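New to this one? Here is a relaxed walk through its ligands, pockets and cavity. Have the structure open while you read.

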Amino acid sequence: MTMHLDDLRVRHLGECHYDSPFSEMLAAKRTSPHYVAEGDRVLLEDTVSMLTEHDLPPAELPSFEAAGPRRKIYFDPARVTAGVVTCGGLCPGLNDVIRGIVQELTVHYGVKRILGFRNGLRGLTAENCHDAEDLTPDRVREIHNSGGTILGSSRGGQDPDEMVDSLVLRGVNALFVIGGDGGMRAATNLAAAIRRRGLEIAVIGVPKTIDNDLPYTDQSFGFQSAFAQAANFIASVATEAAASPDGIGIVKLMGRHSGFIACYASLARNAADVVLIPEVPFALEGPDGLLARVERHVREKGFVVIVVAEGAGQDLLEERGLLADATDPSGNAKLGDIGALLRETITAHLTEADLSPTVRYIDPSYAVRSVTANAYDSVYCLRLAHAAVHAAMAGRTETAVVRWRRRFVHVPMPLIISHRNEVDPDGDLWMSVLEATGYLAPTRGSHGRSDVKTVPHDYRGICQLSHDRDGGVGEPRDVELPGAGPVRSFR
Ligand SMILES: Nc1ncnc2c1ncn2[C@@H]1O[C@H](COP(=O)(O)OP(=O)(O)OP(=O)(O)O)[C@@H](O)[C@H]1O
Ligand SMILES: O=P(O)(O)OC[C@H]1O[C@](O)(CO)[C@@H](O)[C@@H]1O
Ligand SMILES: [Mg+2]
């Protein structure tokens, strides 16, 4: 779908008449590779061909409003009561965002009252809105040193008008919603209800999810911390599998219907032989099926490491009547256990082939998302928090603050929930995964390039360090790459 400049404009509550505490500092600021001046915009696309296709003058190209402090603001800080809420699954960095919002509002804008609504948007119902806690710099000083969210989170739907009534009752005129696609959907509905009622309440979204399944952002915060943690589990399983006769290492990773955690965690540790993601269907049976590939691997190398995203292979589960038609309280489909299906079918297949599989299976599940933010995400969360506060104080609403092509920008909330961000089977990330594993994810000819020569893991070689049984690095040996000259590889 071609985006136009008007599709990317965010809503303003009105003119900004109050002097910003930043106006003096901003006076001399100009756009540079490291700063986008007020009024300038950040291009949606970043290649010559994509920009040329629009055949438009630069000022009319689709672009985002830059985030950041303004010279003039919409709200009188002395009359702002802010609200903060965290929704959906836990994610590293939630407390960092809360802390950043409270500090920025208090220290730089002098806002005196910030309410933390408890347990997700449930905290905004008439029944619960009085349970909100006062958020102060003292209260949040250390919270970034622990995972989760001090406010609690939840799933399940709430009535937008009831939540708006709560905001009015509590006097909130700037609400920060930290959530995933569900939370952004709720924030969009909230902003629409506020607009219908002609109220001056800014609703700013800080997109959050370990799944990285939100579009129009480089990455959702918490994703890097989550996949870094997931990579540790891949390393453990790889060590176990390599040390076991006919070792089968399987790690099932979160990510719902997107395979980003599986891809990045696999690339980070570079120990996976096969990566299975929801976006690339695969077959179990047949000469090109997963079972045949696993058997070949075990026979050639002695073990195999498989990383499977929890949303992969749901079609296989459905075919076997193993997929319950169930949803969680927010309406998210309940996933079938692809890890269990792999464990069972691989064990049966290898036993049938007169091998003696030793299965090492880890499903780290919540251990991947309950960690504290790593240094990267801590910084990212703090800067998103600053951008969120600047946006609200400047009277933006129905707006998400994101990093886009390394710049912080404002995205209209309806865009953030317009579709799911998925791994593109024809994109460079999946290509990197195929290159790193040396195998194509066994496909049914839908995605992936089954005609491309698959380079068996052991021979993908050039300076490839592969751990042999005792976990050491074996002697270098020359190996013949099919269709290429001898290259040095390590066994
Ligand atoms: N379709 C929807 N319409 C309106 N509100 C929704 C919708 N889906 C979810 N919400 C609201 O957003 C909250 C969080 O949604 P959900 O449980 O799907 O998690 P999320 O925000 O997507 O985060 P994550 O994906 O990281 O778990 C829900 O508790 C509910 O209040
Ligand atoms: O928190 P719940 O309801 O167990 O849901 C788990 C889901 O939440 C997420 O962690 C975030 O959406 C998904 O990766 C995972 O499938
Ligand atoms: Mg979600």
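## Ligand 1 and its contacts

One thing to keep in mind from the start: this is a predicted model. With that said, let's begin with ligand 1. A backbone N or O atom of S154 comes to 3.5 Å from one of the oxygen atoms of ligand 1. The backbone of G89 also takes part, with a polar atom 2.8 Å from an oxygen of the ligand. From N332 the contact comes from the side chain instead: a polar atom there is 2.9 Å from a ligand 1 oxygen. On its own, ligand 1 would expose 620 Å², and the protein buries 86% of that area.

How many residues surround ligand 1? The number is 21, and the closest of them are G156, Q158, D181, K208 and S330. Sorted by class, this shell holds 13 polar residues, five charged ones and three nonpolar ones. Which helix gives the most to the shell? That is α6, spanning residues 181–196, with six residues.

## Ligand 2 and its contacts

Now for ligand 2. Its surroundings are made up of R155, I210, D211, M254, G255, R256, E310, Y366 and R369. By class, that gives five charged residues, three nonpolar and one polar.

Several side chains here make polar contacts with oxygen atoms of ligand 2. Y366 places a polar side-chain atom 2.4 Å from one, R369 does so at 2.8 Å, and R155 has a side-chain N or O atom 2.9 Å from one. Taken alone, ligand 2 exposes 400 Å², of which the protein buries 81%.

## The largest pocket

Where do the ligands sit? Ligand 1 is in the largest pocket, and ligand 2 sits in the largest pocket too. The space in this pocket comes to about 1,000 Å³. It is lined by 41 residues, and those closest to its centre are G89, R155, R256, D328 and N332. Some of these names should ring a bell: G89 has a backbone contact with ligand 1, N332 reaches ligand 1 through its side chain, and R155 does the like with ligand 2. R256 is also among the residues around ligand 2.

Which element gives the most to the lining of this pocket? Helix α6 does, with six residues. Along with α6, both α5 (160–170) and β11 (247–253) supply at least two residues each. The lining as a whole has 16 polar, 13 charged and twelve nonpolar residues.

## The second largest pocket

Next comes the second largest pocket, with a volume of about 720 Å³. Its lining is made of 24 residues, and T217, W404, R405, N421 and E422 are the closest to its centre. Two helices each supply at least two lining residues: α8 (260–269) and α14 (428–437).

What is the class make-up of this lining? There are eleven nonpolar residues, seven charged ones and six polar ones.

## The cavity

To finish, look for the closed-off space. The count comes to one cavity of 30 Å³ or more, and the largest cavity holds about 30 Å³ of space. The residues that line it are Y35, V36, A37, E38, A66, A67, G68, P69 and R70.

By class, six of the cavity's lining residues are nonpolar, two are charged and one is polar.

Note on methods
Residues are numbered from 1 along each chain as its sequence is written. Chains are lettered from A and ligands numbered from 1 in the order in which they are written. This is a predicted model: local features need pLDDT of at least 70, side-chain atom pairs count only at pLDDT 80 or more; totals for chains, interfaces and linings use all residues. Side-chain values use heavy atoms; hydrogens and water are left out. A residue is near a molecule or strand if one of its heavy atoms lies within 4 Å of it. A polar contact is a pair of N or O atoms within 3.5 Å; within protein, one must be able to donate a hydrogen and the other to accept it, and residues adjacent in sequence count only if both atoms are side-chain atoms. Accessible areas come from the Shrake-Rupley method with a 1.4 Å probe; for residues, only the protein chains shown count as cover. On a 1 Å grid over the protein atoms alone, a cavity is a set of points where a 1.4 Å probe fits but cannot get out, and a pocket is an open set with protein on both sides within 12 Å along at least five of seven lines; lining residues have an atom within 4 Å of a point. A molecule sits in a cavity or pocket if more than half of its atoms lie within 2 Å of its grid points. Helices (H or I, at least four residues) and strands (E, at least two) are DSSP runs, numbered from the N terminus. Ala, Val, Leu, Ile, Met, Phe, Trp, Tyr, Cys and Pro count as nonpolar, Asp, Glu, Lys and Arg as charged, and the others, Gly among them, as polar. Grid points are joined across faces, edges and corners, and a volume is the space filled by probe spheres set on the points.
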